[in-house]
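This report describes one protein chain and its bound ligand. The sequence and structure come first, followed by the strands, the ligand shell, a helix and some backbone details.

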Amino acid sequence: MTTKQTIKGNLKTVDWRPDPGVSVFPSAPPPEYEASDKDIELFDRNGVVLQRSVFKSWVNILQRGLDKNLSHPNNYAFPCESVKEGQPGRFFDSYCNWHRIQEYRDYIFKSCAASMAGQFMRAASAQLFHEHVFCKEPGTQAPTPWHHDLPYYSVDGFQTVSIYIALDTIPEKTAIRFVRGSHKWDELFFPRHFLDGSSYKHSDPTLRLAPNVEEERGKYDVLVWALEPGDAVLFDFRTLHGTTGATNSNRRRAFSTRWLGDDITYYERIGETSPPINLTNVQSGDRLPEDYFPVLWRRNTE
Ligand SMILES: O=C(O)CCC(=O)C(=O)O
Ligand SMILES: [Fe+2]
């Protein structure tokens with residue numbers, strides 16, 4: 001069955017691992033980004049920071065990559081549709097395809113994203129976890145349920161960042177929004193399915209139900225920016241984020257890369273993870289293998 005209603009979570013179509021023979025190592029180090037101390041401090045304090053226009057020259061390239069992902073979803077890993085039967089629009093996402101889609105790989109290897117990630121994490125190195133793309137078509141009302149990303153992932157630690165790039169003009173009403181400082185709450189919430197907001201069935205006793213920030217708006221300090229193509233929003237894997245259910249009048253595409261610092265290790269969670277990365281020969285507490293998760297930037301200590 002492949003009706004929109006029955007898809008829960010991302011489908012496994014092809015292997016998330018790089019195909020044999022595909023090089024996952026760049027031929028040259030990526031260009032350096034110059035993050036300001038003030039912005040690094042803001043990221044640490046708020047769990048989210050905006051860097052305007054940084055990736056403008058990558059927008060067309062990433063749009064081309066996303067076109068491949070969207071038009072042949074089953075050629076790629078984990079295509080997912082999250083609009084309920086009978087509801088308008090399309091909410092597509094997919095991840096773990098950077099080694100298969102040349103445009104994604106070029107961005108990851110040749111842009112300043114790796115250096116940017118390392119600096120904002122205040123880390124000595126930046127290791128790629130994966131990329132994640134999102135597309136809401138005009139007319140889509142499906143909200144992105146409020147969640148934070150860490151409990152979805154089979155990793156643990158503190159030095160994390162997602163670099164989320166707008167590939168369209170996104171007005172404030174439909175843009176991704178964040179609860180300021182929520183990365184420091186010292187709480188983890190159940191991952192939620194994007195289709196209907198239901199929680200994953202985890203028996204992990206350390207997880208709680210995510211708050212519904214939209215329903216109790218006055219209680220939370222929410223940060224949101226209208227975005228232009230090439231703007232990047234950086235956020236910690238622990239920062240709560242989501243959207244309203246406002247109608248997307250235009251297309252809303254975004255490209256995110258997920259980065260790990262030096263203190264991040266593999267962590268076998270109780271229950272399903274997303275992406276479903278279950279590594280054999282790797283124990284909780286080990287570093288992630290670099291042939292699947294390349295270290296793309298190291299701090300220059302000279
Ligand atoms: O763009 C969205 O609505 C969701 C983005 C998101 O959840 C993420 O990048 O982690
Ligand atoms: Fe997320």
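## Strand E13 and its partners

Val-161 stands opposite Trp-259 in strand E13. The model is a predicted one, and this residue pair is a convenient place to enter it. Strand E6 and E13 run antiparallel and are joined by seven bridges.

E13 also pairs with strand E4. The two strands are antiparallel and nine bridges join them. Along this pairing, His-130 has Arg-258 of E13 as its bridge partner, and His-132 has Ser-256.

Is E13 enclosed or open to the outside? Nine of its nine residues are buried, so the strand is largely enclosed by the rest of the structure. Its side chains fall into two sets. Arg-252, Ala-254, Ser-256, Arg-258 and Leu-260 point one way, while Arg-253, Phe-255, Thr-257 and Trp-259 point the other way; all of them are buried. In a regular strand, side chains alternate between the two faces of the sheet.

## Strand E4 and the other pairings

E4 is mostly covered, with 11 of its 12 residues buried. Besides E13, E4 pairs with strand E3 (residues 91–95) over five antiparallel bridges. Within that pairing, Cys-135 of E4 is the bridge partner of Phe-92. E4 also pairs with strand E15 (residues 295–298), again in the antiparallel sense, over three bridges. There, Gln-127 is matched with Val-295 of E15.

A further group of strands forms an open, antiparallel sheet of three in the order E10-E7-E12. Its edge strands, E10 (222–224) and E12 (241–242), each pair on one side only. Strand E7 (residues 177–179) is joined to E10 by three bridges, and Val-179 stands opposite Val-222 of E10.

The table collects bridge counts for the antiparallel pairings described above.

| Strand pair | Bridges | Example of facing residues |
|---|---|---|
| E4 and E13 | nine | His-130 and Arg-258 |
| E6 and E13 | seven | Val-161 and Trp-259 |
| E3 and E4 | five | Phe-92 and Cys-135 |
| E4 and E15 | three | Gln-127 and Val-295 |
| E7 and E10 | three | Val-179 and Val-222 |

## The shell around ligand 1

Which residues surround ligand 1? The shell consists of His-132, Phe-134, Thr-144, Asp-149, Ser-162, Tyr-164, Ile-176, His-241, Thr-243, Ala-254 and Ser-256. E4, E6 (160–166) and E13 are the elements that give two or more residues to it. By type, the shell divides into four nonpolar, six polar and one charged residue. Two of its members, His-132 and Ser-256, are also bridge partners between E4 and E13.

## Helix H3

Helix H3 covers residues 102–110, and its buried residues are Glu-103, Tyr-104, Arg-105, Tyr-107, Ile-108 and Phe-109. The cover over these residues includes helices H2 (59–71) and H4 (113–120) as well as strands E4 (125–136) and E13 (252–260).

## Backbone details

Most residues other than glycine have a negative phi, and most peptide bonds are trans. A few places in this chain depart from that.

Ser-53 is not a glycine, yet has a positive phi of about 65°. Ser-53 lies in the loop between strand E1 (48–51) and H2, and counts as exposed because it has 11 C-beta neighbours inside 10 Å. Phe-78, also not a glycine, has a positive phi of about 55°. Phe-78 sits in the loop between H2 and strand E2 (80–81); with 22 C-beta neighbours inside 10 Å, it counts as buried.

The peptide bond from Ser-274 to Pro-275 is cis, with omega near 0°. Pro-275 belongs to the loop between strand E14 (265–266) and E15.

## The chain as a whole

The protein chain has four helices and 15 strands. Its C-alpha trace spans about 55 × 45 × 40 Å along the principal axes. The radius of gyration is 18 Å, which agrees with the value near 19 Å for a compact globule of 302 residues. Of those 302 residues, 45% count as buried. Among contacts with a separation of 6 or more, 85% are between residues 24 or more positions apart.

The mean pLDDT of the chain is 93, and 97% of its residues reach 70 or more. Over residues 1–6 the pLDDT is below 50, and this stretch has nine contacts in the model beyond near neighbours in sequence.

How values were computed: Residues numbered from 1 in each chain as written. Chains lettered and ligands numbered in written order. Predicted model: local features only at pLDDT ≥ 70, side-chain atom pairs only at ≥ 80, totals over all residues. Buried ≥ 20, exposed ≤ 12 C-beta atoms within 10 Å, placed from the backbone. Contact = placed C-beta atoms within 7 Å. Near = placed C-beta within 6 Å. Nonpolar A, V, L, I, M, F, W, Y, C, P; charged D, E, K, R; others polar. Pairing = 2+ DSSP bridges. pLDDT = per-residue confidence, 0-100. Rg over C-alpha atoms; globule rule 2.2 N^0.38 Å.
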